[in-house]
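Please look at the sequence and the model below, and follow the chain from its overall build to a few of its side chains. Each term is explained where it first comes up.

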Amino acid sequence: MNVLDLFKLEGKTAIVTGGARGLGAQIAQGFAEAGANVVVCSRKFKACQEMSEAIKKFGVDSLAFSCNVTNPDDVKKVVEETREHFGSIDILVNNSGATWGAPVVEMPFEAWQKVMNVNVTGTFLMSQEVGKVMIEQNSGKIINIASVAGFGGTDPSFMDTISYNTSKGAIMTFTKDLAAKWGQHNINVNALAPGFFPTKMSQGLIHMGKDQILEATPLNRLGNDTDLKGAALFLASKASDYVSGDILTVDGGAHAL
């Protein structure tokens, strides 16, 4: 097999939560470019429909669903209808996320709950339901979207986001533990830890802390519209068949300092 063939996704089916915008859209498009059929789901159905139509232009099939990842019924519907339509689910990207900025003593309990529910519980529910399919077919790739914020503390002057940081740290441990438990089923579980990419969710944070971010990034720039594609494709493809339980950091070298 030619090394480039290891990165092809023809005949594979991927679900990307939060895949209509931001990092999820970048990943969904990258999978389609590599030949995968892609299911896009989020709470905003119209945006998912638009992304799904754009994906079809790459010559692959695509479905769009409205899905609140914290709702078990929504999750089951996406998984059941995806399997019914495509016959298998080969790749899951848990990308749906939420954040909230506030000093710890002022963090509303409801805000804490929302961030933890979407980022952690949503990842669990999607993995649990898709995992039933992957265990039955004895194969699968799960990619969780963590963050460099999950590695430790952040400067509160521009990133006062304790619920987000905590949730992403939890995703890293979840990734490692699920990899340990599902390796016996030939399921690879890994995570991507992006640094700072300009998205709707991060725009306020980057506005406040851009100079500090760039100063702490050896490559001296923010992530762009293609910087996550290759890393996600690697973890979704045969190229990473012997990689599991890993946190692949894509942050311009910031974690090296």
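Of the 257 residues of the protein chain, 51% count as buried, where buried means under 20% relative accessible area, exposed means over 50%, and partly exposed lies in between (1.4 Å probe, protein chains only). This is a predicted model, in which local features need pLDDT of at least 70 and side-chain atom pairs count only at pLDDT 80 or more, while totals for chains, interfaces and linings use all residues. Residues are numbered from 1 along each chain as its sequence is written, and side-chain values use heavy atoms, with hydrogens and water left out.

The surface that the protein chain exposes comes to about 12200 Å², and carbon and sulfur atoms supply 53% of that area; such accessible areas come from the Shrake-Rupley method with a 1.4 Å probe, and for residues only the protein chains shown count as cover.

The protein chain has seven helices and seven strands, which are DSSP runs numbered from the N terminus (H or I and at least four residues for a helix, E and at least two for a strand). Along the sequence these elements follow the pattern β-α-β-α-β-α-β-α-β-α-β-α-α-β. The radius of gyration of the protein chain is 17 Å, close to the 18 Å that the globule rule gives for 257 residues, so the chain is as compact as a globular protein of that length. Here the radius is taken over C-alpha atoms, and the globule rule is 2.2 Å times the number of residues to the power 0.38. Along its principal axes, the C-alpha trace of the protein chain spans about 50 × 40 × 35 Å.

Contacts, meaning heavy atoms within 4.5 Å, show how the protein chain is held against itself in sequence terms: among those with a separation of 6 or more, 73% are between residues 24 or more positions apart.

Which parts of the structure cover helix α7? This helix, residues 229–236, is mostly covered, since six of its eight residues are buried, namely K229, A231, A232, L233, L235 and A236. What covers these buried residues of α7 includes α1 (22–33), β4 (91–94), β5, β6 and β7 (247–250).

We can turn next to charged side chains. Side chains of opposite charge can pair when their charged atoms come close. A salt bridge is a side-chain nitrogen of Lys or Arg within 4 Å of a carboxyl oxygen of Asp or Glu, and a search of the whole structure finds nine salt bridges. One of them joins K181 and D177, whose closest N and O atoms are 2.7 Å apart. Being four residues apart in helix α5, K181 and D177 are separated by about one helical turn. An α-helix has 3.6 residues a turn, so residues three or four places apart point the same way. Both partners count as partly exposed, K181 at 44% relative accessibility and D177 at 39%.

Another salt bridge is formed by R221 with D227, with the closest N and O atoms 2.7 Å apart; R221 is partly exposed with a relative accessible area of 39%, and D227 is partly exposed at 24%. The side chains of D241 and K238 also meet in a salt bridge (3.1 Å, N to O), and K141, K238 and D241 are linked in a network of salt bridges. D241 counts as partly exposed at 38% relative accessibility, and K238 counts as partly exposed at 43%.

How many aromatic pairs are there? Rings of Phe, Tyr and Trp (its six-membered ring) pair if their centres lie within 6.5 Å, and planes under 30 degrees apart count as stacked, over 60 as edge-to-face and the rest as tilted; by this rule the count comes to one aromatic pair. The rings of F158 and F196 have their centres 6.4 Å apart and their planes at 50°, so the pair is tilted. F158 lies in the loop between β5 (140–145) and α5 (162–182), and F196 in the loop between β6 (187–194) and α6 (203–215), so the pair ties together parts that are 38 residues apart in sequence. F158 is buried at 12% relative accessibility, whereas F196 is partly exposed at 23%.

Finally, we come to the cysteines. A disulfide is a pair of cysteine sulfur atoms within 2.5 Å, and by this rule the count comes to zero disulfides. The sulfur of C41 is 4.6 Å from the closest cysteine sulfur, in C67, which is too far for a bond. C41 is buried, with a relative accessible area of 0%, and C67 is buried at 2%.
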